[in-house]
Amino acid sequence: MGLSDVLPGAGPTKTTGGIFGSGSPTFLTSKVDAIINWGRLNSLWPMPFGTACCAIEMMASAASNYDLARFGMERMSFSPRQADVLICAGRVPYKLAPVLRRVWDQMPQPKWCISMGACASSGGVFDVYSMVQGIDTIVPVDVYIPGCPPRPEGLIYGLMMIQEKIRQESLTRHFEHRAEDPALVARPKAGPEELVGLTGPFGNSTQQERLSDGVAVKVESASTDDLLS
Amino acid sequence: MTDDTKSALDAVDEGPLPSEAPGDATAAPGEDASDHASVAAIIAGFGDSVLRHRWAAGRQAVVWVTPDKCHDILAWLKDDDGQRYDMMSDVTAVDYGGGRPIEVVYQMFSTAHKHELRVRCPLPLDALEIESVCDLWKAADWLEREVFDLFGVTFTGHPDLRRILMPDDYAEGHPLRKDFPLRGRFSRAEQTLQALNQNVDRFYLTGDMDHGAPQEVAEAEVGLIEAESSDGEGE
């Protein structure tokens, strides 16, 4: 679908003195999607949310040896209001969870999220009382990068996957892709069942119970109503 | 899991060896720390309050004292000309599990005499209370808050005793206690819900933009926190 299909009368026009010489067209046609996506994917501004050693690799990615600027990401945006892609690099404790959620909510659409490293993606080795078991319980994640920490090549590959994702988007389906339920702002991203599923003992060598020494405990999971209210 | 591993884990659960238990006067041979000048002075001045003493980790003198005299001994160690322990390097605590007392540990250094000393004070689980040393060393402020946060030891006379690492409204207890489950007491869903329900605004010092004097800023923040907590109850 070219511009001429969208705008009646638009199309290659014979003029004189064009850039390719006399008689050549002075403009080219393309798809609106292609132009917008091309602009977006080549000017992704990352919002660095670095909390641990992954952030060191993220900084290395931006430095001259790996040079994220080659992909249009030289401008690390330390304000979420001017950012396009949230890079969560490192473990996130529960105390930081509302901050991460607020940073995500403050970013304008369209926005994407990268979960960098094992801890951000799943909690990693920190299967403990204080640690979020994967930031996808807090915010929606587009790309997970494995590694502990991932090398800069890994982060760059993840960002290029974001670029590929943007390349596939279409304005006609934009709101479908980027829809966000206002009721879910500042709420957990994961569903109740998903969150409850994180409770069970999996792969932990201690197999420790949550009950101990007869202390009054609250083991029952929050109900669906609580999570979504 | 091999038998060796299992017995090692059991030992952790049972706490220190009998020779390490506080109150045991029979220290192993060669571990008597009374040749340390400060230890000898403490024994001379506060003999009734000294539970035992020993050398640990090479040349680290350790003295166990009773909670009631702990503050007096520390104050004397700081102010006496022969001691001058003017630097409180660390205040921490150890829970040995199995219902044994939680020991509060004071690690001190004398910049005048270049002496190190560690004072330990066992607190029974039903009386986790000890006098704060904030009046002696300002450095003890946050360290005591940390011990309060993670072990539940109350420091009487502390100017601002509240949680420092865990969220203010953390409801699962004191995480470094031996009886605290590794993953906490609540389900992940409940933990996530409580985490996201934290009031993020109190992470920021909002008063420092318009107010001049630090005292005013501090007062403004106190007022802010009180106002927010009452709001939270209303929701």
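In this predicted model, Cys148(A) is in contact with Gly117(A), Ala118(A) and Gly124(A), leaving aside its neighbours within four places in sequence. The residue is found in the loop between β4 (143-145) and α6 of chain A. Cys148(A) counts as exposed because 11 C-beta neighbours lie inside 10 Å, and the limit for that class is 12 or fewer. One of its contacts, Gly124(A), is 24 residues away in sequence, with a C-alpha to C-alpha distance of 8.6 Å.

The peptide bond from Cys148(A) to Pro149(A) is cis, with omega near -10°. Pro149(A) is likewise found in the loop between β4 and α6 of chain A. A cis peptide bond also joins Gln109(A) and Pro110(A), where omega is about -5°. Pro110(A) has its place in the loop between α4 (97-106) and β3 (112-116) of chain A.

**Chain composition**

Values for the two chains are set out below.

| Chain | Helices and strands | Residues | Buried | Contacts (separation of 6 or more) joining residues 24 or more apart |
|---|---|---|---|---|
| A | nine helices, four strands | 229 residues | 31% | 75% |
| B | six helices, seven strands | 235 residues | 29% | 49% |

From the N terminus on, the elements of chain A follow the order α-α-β-α-β-α-β-α-β-α-α-α-α. In chain B the order is α-α-β-β-α-β-β-β-β-α-β-α-α, again from the N terminus.

**Helices of chain A**

Helix α6 (residues 152-167) of chain A packs with helix α2 (residues 32-41) of chain A at an angle of about 165°, and their axes are 9 Å apart. Angles over 145 degrees count as roughly antiparallel, and α2(A) and α6(A) are therefore roughly antiparallel to each other. Their crossing is right-handed. On the α2(A) side the contact involves Asn37(A), Arg40(A) and Leu41(A), which meet Gln163(A), Ile166(A) and Arg167(A) in α6(A). By class, the residues of this contact divide into two nonpolar, two polar and two charged.

Another helix of chain A, α3 (residues 53-62), contains Ala62(A). Ala62(A) is partly exposed, because 19 other C-beta atoms lie within 10 Å, whereas a buried residue has 20 or more. Not counting residues up to four places away in sequence, Ala62(A) touches Leu68(A) and Met76(A). Between the C-alpha atoms of Ala62(A) and Gly72(A), ten residues apart along the chain, the separation is 11 Å.

**Helices of chain B**

Which residues of helix α2 (residues 37-46) of chain B are buried? They are Ser38(B), Val39(B) and Ile42(B). These residues cover an arc of only 100° around the axis, so they are on the same side of α2(B). An α-helix has 3.6 residues a turn, so residues three or four places apart point the same way. The buried residues of α2(B) pack against β1 (50-56), β2 (60-65), α3 (67-79) and β5 (115-123) of chain B.

With α3(B), one of these partners, α2(B) forms a crossing at roughly 130°, and the two axes come within 11 Å. That angle makes α2(B) oblique to α3(B). The crossing is right-handed. In the contact, Ser38(B), Ile42(B), Gly45(B) and Phe46(B) in α2(B) meet Lys69(B), Ile73(B), Trp76(B) and Leu77(B) in α3(B). The contact of α2(B) with α3(B) has five nonpolar, two polar and one charged residues. Two of the buried residues of α2(B), Ser38(B) and Ile42(B), thus take part in this helix pair.

Helix α5 (residues 188-196) of chain B is largely enclosed by the rest of the structure, because seven of its nine residues are buried. The buried residues are Arg188(B), Ala189(B), Glu190(B), Gln191(B), Thr192(B), Ala195(B) and Leu196(B).

**Positive phi values in chain B**

Arg84(B), a residue other than glycine, has a positive phi near 55°. Its place is the loop between α3 and β3 (87-95) of chain B. Arg84(B) is partly exposed because 17 other C-beta atoms lie within 10 Å. For Lys114(B), also not a glycine, phi is positive and near 60°. Lys114(B) is found in the loop between β4 (102-110) and β5 of chain B. With 7 C-beta neighbours inside 10 Å, Lys114(B) counts as exposed.

Key: Residues are numbered from 1 along each chain as its sequence is written. Chains are lettered from A and ligands numbered from 1 in the order in which they are written. This is a predicted model: local features need pLDDT of at least 70, side-chain atom pairs count only at pLDDT 80 or more; totals for chains, interfaces and linings use all residues. Two residues are in contact if their C-beta atoms, placed from the backbone, lie within 7 Å. Axes are lines fitted to C-alpha atoms, for helices over the stretch in contact, and angles run from 0 to 180 degrees between N-to-C directions. Angles under 35 degrees count as roughly parallel, over 145 as roughly antiparallel, 65 to 115 as roughly perpendicular and the rest as oblique. A crossing is left-handed if the near helix is turned anticlockwise from the far one by less than a right angle, and right-handed if clockwise. Ala, Val, Leu, Ile, Met, Phe, Trp, Tyr, Cys and Pro count as nonpolar, Asp, Glu, Lys and Arg as charged, and the others, Gly among them, as polar. The arc is that of the directions from the helix axis to the C-beta atoms.
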